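Colleague: I am new to this structure. Could you walk me through it?

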Amino acid sequence: MPPSFFHHLHPPTIPTAQARWRHTLGAGGTAIFLMLILGVTGILEMFYYAPNPQEAALSVQVITYHVPFGGFIRNLHYWAAQLLLIVSAIHFLRVIFTAAYGSPRRFNYLLGLALFVLSLMLDFTGYILRWDVDICWPLTTGTNLLKTIPLIGDFLYRIAVGGNEACETALLRFYTWHIFGLTILVVILGFWHAFCVRRDGGIAVPPPQLRADVTRIPRDELVRREVLTIFIVSIVLILLSSFIPAPIAAAMTDKPSLTADARAPWFFLWVQQMLKWGDPFIFGVLIPTVILAFLALIPYIFPQPADADIGQWFPKSNRFVQMIVGLIGLFILILTLQR
């Protein structure tokens with residue numbers, strides 16, 4: 001039979017060594033699948049969600065407790081979003097630790113990093129759309145960090161919030177960013193990222209003359225492995241959604257008081273911990289921006305990995321990059337796990 005449209009999204013063949021799950025970890029394909037789950041479940045939630053401060057939290061409760069299968073759909077949306085961040089981080093680390101960021105994949109590396117940042121922003125804006133008493137502290141703190149940016153801070157704050165009090169006026173802005181602005185960017189960059197992967201021949205590998213194993217597998221086998229991975233991820237999602245419900249709290253009817261035990265969403269806990277150290281601009285804006293800029297510049301400021309090392313786990317030619325990225329990851333993980 002002629003290959004289907006789905007098969008045409010894959011190269012005709014790929015090297016056997018780099019096609020193994022222990023090499024790819026299935027992270028790229030899993031991230032795409034999770035984005036599709038988020039899109040479908042998000043559209044279903046839009047039928048009942050009311051994006052105004054008086055009804056938003058109550059509409060979330062209606063979805064959770066009164067709409068048939070609404071709680072399960074909301075749980076699917078929540079857990080797909082959390083898993084997407086974890087899988088995207090794994091995918092990024094796999095690219096670094098297999099030296100797959102060099103030319104001609106430097107620009108696609110930037111696209112992937114941009115998609116990860118956009119996924120963080122989507123998760124945060126979706127978290128705010130609950131509009132319950134638990135979201136006021138992270139919303140207030142996160143938007144107030146914008147004010148600390150010299151020259152343009154107040155302008156960025158007005159764009160994000162649309163008024164003076166974030167916990168009173170920001171809902172419609174965050175809803176618009178979540179549903180349209182950020183989602184459209186993710187769709188565009190996601191297609192662009194996938195196109196670049198396809199154009200560059202699929203997963204990064206050494207030149208043919210430097211490969212120890214020159215065998216290749218057809219795309220039929222690759223698709224079979226991807227379908228198996230999707231099946232496993234679906235089971236994990238269903239189990240999480242069935243037994244661990246998404247967070248929900250009382251509606252934010254009045255401006256809530258900010259308590260000492262208020263917490264940011266888990267993926268920004270490391271920034272919350274740094275804010276305890278001192279100046280909010282330095283620890284809440286400057287340091288995360290410097291980390292992001294360093295990660296973006298890795299393919300441009302460090303030597304190109306040796307051809308024989310491309311696609312190999314922990315190659316010698318980019319050992320310094322591995323060490324720095326590993327330390328950054330460990331730093332973020334330690335801060336995230338602190339109470």
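Some short questions and answers on this predicted model follow.

Colleague: Which residues touch the most other members of the largest nonpolar core?

Modeller: This core has 26 residues. Elements that give two or more residues to it are α5, α7, α8, α9 and α10. Among these, α10 gives the most, with seven residues. The residues that touch the most other members are Y49, I128, W131, I135, L139 and F174.

Colleague: What does Y49 touch, leaving out residues up to four places away in sequence?

Modeller: Y49 belongs to the largest nonpolar core. Its contacts beyond that sequence range are A56, S59, V60, I63, L129, L171 and Y175.

Colleague: How many residues are in the other core?

Modeller: This core lies apart from the largest one. Its members include F92, W270, A296 and L335. The count is 23 residues.

Colleague: Where in helix α13 is the kink?

Modeller: Helix α13 covers residues 280-301. The bend is about 35°. The proline P288 comes shortly after it. The kink lies at L286.

Colleague: What covers the buried residues of α13?

Modeller: The buried residues of α13 are F283, G284, V285, P288, I291, L295, A296, I298 and P299. Their cover includes α6, α7, α8, α12 and α14.

Colleague: Which backbone nitrogen does a side-chain oxygen of D279 reach?

Modeller: D279 sits at the start of α13. The oxygen comes to within 2.9 Å of its partner. That partner is the backbone nitrogen of F281.

Colleague: Is S241 buried or exposed?

Modeller: S241 is found in helix α11. It touches F72, N75, L76 and W79, not counting residues up to four places away in sequence. Its side chain reaches the backbone nitrogen of L76 at 3.3 Å. Because its relative accessibility is 3%, S241 counts as buried.

Colleague: Which residues does the cis peptide bond join?

Modeller: Most peptide bonds are trans. Here omega is about 10°. P104, in the loop between α6 and α7, is one partner. The bond joins S103 and P104.

Colleague: Is A99 buried or exposed?

Modeller: A99 is in the loop between α6 and α7. Its phi is near 55°, a positive value in a residue other than glycine. Its relative accessible area is 2%, so A99 is buried.

Colleague: And L151, buried or exposed?

Modeller: L151 is in the loop between α8 and α9. Its phi is positive, about 70°, although it is not a glycine. Its relative accessible area is 90%, so L151 is exposed.

Note on methods. Residues are numbered from 1 along each chain as its sequence is written. This is a predicted model: local features need pLDDT of at least 70, side-chain atom pairs count only at pLDDT 80 or more; totals for chains, interfaces and linings use all residues. Side-chain values use heavy atoms; hydrogens and water are left out. Helices (H or I, at least four residues) and strands (E, at least two) are DSSP runs, numbered from the N terminus. Buried means under 20% relative accessible area, exposed over 50%, partly exposed in between (1.4 Å probe, protein chains only). A polar contact is a pair of N or O atoms within 3.5 Å; within protein, one must be able to donate a hydrogen and the other to accept it, and residues adjacent in sequence count only if both atoms are side-chain atoms. Contact means heavy atoms within 4.5 Å. The bend at a residue is the angle between axes fitted to the seven residues ending there and the seven starting there. A nonpolar core is a set of buried Ala, Val, Leu, Ile, Met, Phe, Trp, Tyr and Cys residues joined through side-chain atoms within 4.5 Å.
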